[in-house]
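Reader: I am new to this structure and should like to be guided through the surroundings of its ligand and its aromatic pairs. Please present the structure before we begin.

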Amino acid sequence: MTQINHNYTLLQGSYLFSEIAKRRTKFMQDNPNAQIISLGIGDVTRGLPDAITKAMHDAVDELSNPSTFRGYGPEQGYDFLINDIINNDYKARGIDIATNEVFVSDGSKCDVGNIQEIFSQDAVIAVQDPVYPVYVDTNVMAGRSGKFNKETNQYENIVYLKCDASNNFTPSLPDRKVDLIYLCYPNNPTGMTLSKEELKRWVDFAKANDCIILYDSAYEAFIQEADVPRSIYEIEGAKEVAIEFRSFSKTAGFTGVRCAYTVVPRELKAKDADGNAVLVNDLWNRRHTTKFNGVSYVTQRGAAAIYTPEGKAQIASIIDYYMTNAGIIREGLASLGLEVFGGVNAPYIWLKTPNGLDSWAFFDKLLSEANIVGTPGVGFGQAGQGYFRLTAFGSRENTEKAVERITKLSL
Ligand code: PLP
């Protein structure tokens with residue numbers, strides 16, 4: 001028989017979400033009349049803004065006419081969208097990004113998962129703990145992780161940067177040589193951000209230690225506070241050391257439509273086996289054009305509508321809706337004396353479980369006593385033990401109901 005990639009056997013499976021589904025299903029079987037509210041999912045619920053659906057309808061009509069039909073487009077994305085991205089997300093903030101530095105894709109999950117492919121098999125990976133699991137699992141698949149240690153809940157060759165209340169969720173710089181550092185801000189799952197000064201420490205570290213930062217900014221659109229950096233390229237010198245990932249999924253309801261982009265600056269270099277400098281942009285371009293055939297024209301027209309005045313206004317109102325939910329959860333829980341984090345510049349609220357309960361014990365309590373489903377923090381990494389994630393993506397009615405139910409619990 002043909003052998004499999006044995007690295008796949010090192011994966012820990014999708015334990016988190018399958019275990020959540022299992023416990024929820026069991027509870028519903030035992031309590032068929034319970035009205036469950038889910039504040040666990042990281043998916044949006046408000047629907048696409050009209051400006052976007054209108055642009056997509058128009059694009060569909062164009063495709064039905066042979067004179068305006070489009071087949072394969074440029075793998076990197078159409079200029080109309082790339083120019084909108086550059087002008088609105090970068091130039092407007094004083095950041096210079098060139099058209100050949102932007103790669104449009106069908107999602108940040110694919111980009112943050114695929115990026116590791118262009119780096120050496122020996123590259124040492126650093127991740128925040130707790131972490132968006134895709135960064136870890138894709139490196140496990142690629143053979144960089146070493147074995148999983150069930151006692152520490154960690155892979156032996158991955159460097160984990162602890163983020164908890166003791167360091168205000170600001171990871172310490174790695175204490176050994178690493179090659180790739182995944183940073184996610186605003187953070188999933190903690191909902192926390194880094195200040196400009198803190199982000200500068202990372203850029204300076206990467207420059208001084210020859211490593212590359214993979215900066216996942218999927219929740220940038222949720223930033224409310226003026227002094228929180230919206231792009232790593234706001235930091236001087238970051239273009240020499242960082243790749244930035246942005247997604248339209250949460251920004252504009254594109255979780256099902258699928259569109260995102262990645263910026264790989266031409267200044268960013270890595271080395272080949274002989275120690276010669278290589279442009280990372282060339283490698284990513286090669287990978288992207290070889291393995292990807294472009295995002296559909298209809299989708300890219302929809303994405304471009306995000307940057308029109310109507311699109312911007314409609315998106316702002318949806319983000320405001322979610323962030324109002326976040327405030328309701330945050331303030332509601334804080335008023336009960338719970339320790340809550342995040343939810344100010346991100347749609348995630350990260351709370352310390354009360355009375356020293358572990359994450360899963362709190363999950364069970366919330367499910368059985370308040371009929372609310374959330375996400376146990378330990379599912380994102382060992383440093384998430386004793387924490388719990390709630391999301392602001394539900395309806396207003398369910399969000400308010402959920403907080404009211406939690407208020408009635410004995411905590
Ligand atoms: N990065 C982070 C941190 C996320 O939380 C998510 C989605 O939950 C993604 C990337 C995936 O984004 P996309 O829908 O563009 O694949």
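Author: On a 1 Å grid over the protein atoms alone, a pocket is an open set of points with protein on both sides within 12 Å along at least five of seven lines. A molecule sits in a pocket if more than half of its atoms lie within 2 Å of its grid points. This is a predicted model, in which local features need pLDDT of at least 70, side-chain atom pairs count only at pLDDT 80 or more, and totals for chains, interfaces and linings use all residues. Residues are numbered from 1 along each chain as its sequence is written, and side-chain values use heavy atoms, with hydrogens and water left out.

Reader: In which pocket does the ligand sit?

Author: The pocket definition requires more than half of the ligand's atoms to lie within 2 Å of the grid points. By that test, the ligand sits in the largest pocket.

Reader: How far is an oxygen atom of the ligand from an N or O atom in the side chain of Arg 258?

Author: A polar contact is a pair of N or O atoms within 3.5 Å. An oxygen atom of the ligand makes one with the side chain of Asn 188 at 2.8 Å. For the side chain of Arg 258, the distance is 2.7 Å.

Reader: Why is the pair of Tyr 90 and Tyr 233 tilted?

Author: Rings of Phe, Tyr and Trp (its six-membered ring) pair if their centres lie within 6.5 Å; planes under 30 degrees apart count as stacked, over 60 as edge-to-face and the rest as tilted. The count comes to 25 aromatic pairs. The ring centres of Tyr 90 and Tyr 233 are 6.3 Å apart, and the pair is tilted because the planes stand at 55°.

Technical notes
A polar contact is a pair of N or O atoms within 3.5 Å; within protein, one must be able to donate a hydrogen and the other to accept it, and residues adjacent in sequence count only if both atoms are side-chain atoms. On a 1 Å grid over the protein atoms alone, a cavity is a set of points where a 1.4 Å probe fits but cannot get out, and a pocket is an open set with protein on both sides within 12 Å along at least five of seven lines; lining residues have an atom within 4 Å of a point.
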